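Could you walk me through this structure, from its enclosed strands out to its loops and pockets? A guided tour in plain paragraphs would suit me well.

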Amino acid sequence: MEILFCIALPSELKIIKQEMKDLVLKWIKIDFLLTWVWVLNTSYAIKKYIDEKKKPDFIINIWVCGKKSDIYNDFFQVYRIKNLSHNKEVICPSYIDIFPLKSIGCSDKIITNWDELSEENFVDMESFWIDFICDKEKIPYVIIKKSFDFVSKDSKKVSIKDLENVLKWFDGEYVINKIKDFWEKNKKNTLLEEKILSLKEKFQLTFSETEFLKKYAHKKIAFQYDIMEVLTDLSFLEKKEVLKHIKE
């Protein structure tokens with residue numbers, strides 16, 4: 001499995017790399033992509049990586065964001081993004097559940113006035129396009145944010161030292177283990193679908209017969225049977241015997 005960290009600034013990238021370097025991860029390969037700030041940089045960097053290297057199995061997008069108030073100051077997971085340029089919103093798929101879910105505004109420019117945020121409490125310049133690229137490329141992802149500076153006239157002035165301190169407490173091992181759980185569950189589901197399709201083709205099952213087979217499989221899973229072994233045993237039977245089993 002290959003996981004790609006997408007991070008905007010070198011100072012943020014340095015901190016995340018430090019947090020990840022001591023982890024022993026034999027089952028995955030981790031890569032880091034510096035996208036820089038702004039929508040076009042983000043979109044171009046990720047698409048270029050996919051085209052020139054390889055499509056990752058999972059993308060972790062993590063960096064700081066602006067905030068309207070001190071309502072929440074810890075890491076959060078983005079579940080909804082509102083593009084402040086045209087008011088279009090997207091709901092992010094919840095592939096993993098790691099931090100509290102929050103909505104965020106995404107802007108093509110640096111926001112210096114609270115009024116421009118509408119009802120949003122947080123704002124960045126990249127999340128909408130992370131979702132856009134991952135959706136088009138069919139890549140599961142998570143967007144993790146940590147509120148940093150207040151939206152104000154000083155939003156264009158960022159302290160690199162303060163920026164580094166904000167991300168120091170990121171628990172990379174916790175996030176990676178959540179992705180591992182998702183990946184293993186998804187892999188099992190894929191294998192199950194492939195096995196059911198194989199049986200459907202072998203026995204030339206109708207749509208309704210295939211649905212009976214799916215229900216049969218999930219019933220066996222519920223009773224903690226080794227489902228791949230159960231379905232393999234079915235493959236050695238005659239079709240009428242298979243139908244008798246799955247309709248019991």
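**A walk through the predicted model**

The largest share of the lining of the largest cavity, three residues, comes from S8. That makes a handy place to begin, and please keep in mind on the way that this is a predicted model. Searching the whole structure turns up one cavity of 30 Å³ or more, and the volume of this largest cavity is about 30 Å³. Its walls are made by Gln 77, Val 78, Cys 92, Pro 93, Tyr 95, Tyr 141, Val 142 and Ile 143. Strand S4 (75-83) and S8 each give at least two residues to that lining. By class, seven of the lining residues are nonpolar and one is polar, with no charged residues.

From S8 we can step across to a strand that pairs with it. Eight bridges hold S3 and S8 together, and the two run parallel; within S8, Lys 146 is the residue that stands opposite Val 64. S3, residues 58-67, has other partners too. Strand S1 (residues 2-7) is joined to S3 by four bridges, again in parallel, and Cys 6 has Asn 61 of S3 as its bridge partner. With strand S7 (residues 122-124), S3 pairs in the antiparallel sense over two bridges, where Gly 66 stands opposite Val 123.

How many of the ten residues of strand S3 are buried? Ten of the ten are, so S3 is largely enclosed by the rest of the structure.

Asn 61, found in strand S3, is worth a pause. Its relative accessible area is 0%, so Asn 61 is buried. Leaving aside residues up to four places away in sequence, Asn 61 touches Cys 6, Ile 130, Val 142, Ile 143, Ile 144 and Lys 145. Two of these names, Val 142 and Ile 143, may be familiar from the lining of the largest cavity. For a sense of distance, Lys 109 is 48 residues from Asn 61 along the chain, and their C-alpha atoms are separated by 19 Å.

Let us now turn to the helices, taking H7 (residues 227-234) as the next stop. Which residues of helix H7 are buried? They are Ile 227, Val 230, Leu 231 and Leu 234. These residues cover an arc of only 90 degrees around the axis, which puts them on the same side of H7. The general geometry helps here: an α-helix has 3.6 residues a turn, so residues three or four places apart point the same way. The cover over the buried residues of H7 includes helix H5 (172-203), helix H6 (207-222) and helix H8 (239-246).

H6 also holds Thr 210. With a relative accessible area of 5%, Thr 210 is under the 20% cut-off and therefore counts as buried. Not counting residues up to four places away in sequence, Thr 210 touches Ile 196, Lys 200 and Leu 205.

H5 and H7 meet us again at the second largest pocket, where each supplies at least two residues of the lining. This pocket has a volume of about 160 Å³. Its lining is made up of Lys 185, Lys 188, Asn 189, Leu 191, Leu 192, Ile 221, Tyr 225, Asp 226, Ile 227 and Met 228. Which element gives the largest share of this lining? H5 does, with five residues. Sorted by class, the lining of the second largest pocket has six nonpolar, one polar and three charged residues. Ile 227, one of the lining residues, is also among the buried residues of H7.

We finish in the loops, with two backbone angles to look at. Lys 138 lies in the loop between helix H3 (127-137) and strand S8 (141-150). Phi of Lys 138 is near 60 degrees, a positive value in a residue other than glycine. Is Lys 138 buried or exposed? Its relative accessibility is 67%, over the 50% cut-off, so Lys 138 counts as exposed.

The loop between H5 and H6 is the place of Gln 204. Here too phi is positive in a residue other than glycine, with a value near 50 degrees for Gln 204. At 64% relative accessibility, Gln 204 counts as exposed.

How values were computed
Residues are numbered from 1 along each chain as its sequence is written. This is a predicted model: local features need pLDDT of at least 70, side-chain atom pairs count only at pLDDT 80 or more; totals for chains, interfaces and linings use all residues. Side-chain values use heavy atoms; hydrogens and water are left out. Buried means under 20% relative accessible area, exposed over 50%, partly exposed in between (1.4 Å probe, protein chains only). The arc is that of the directions from the helix axis to the C-beta atoms. Contact means heavy atoms within 4.5 Å. On a 1 Å grid over the protein atoms alone, a cavity is a set of points where a 1.4 Å probe fits but cannot get out, and a pocket is an open set with protein on both sides within 12 Å along at least five of seven lines; lining residues have an atom within 4 Å of a point. Grid points are joined across faces, edges and corners, and a volume is the space filled by probe spheres set on the points. Ala, Val, Leu, Ile, Met, Phe, Trp, Tyr, Cys and Pro count as nonpolar, Asp, Glu, Lys and Arg as charged, and the others, Gly among them, as polar. Two strands pair if DSSP finds at least two bridges between them.
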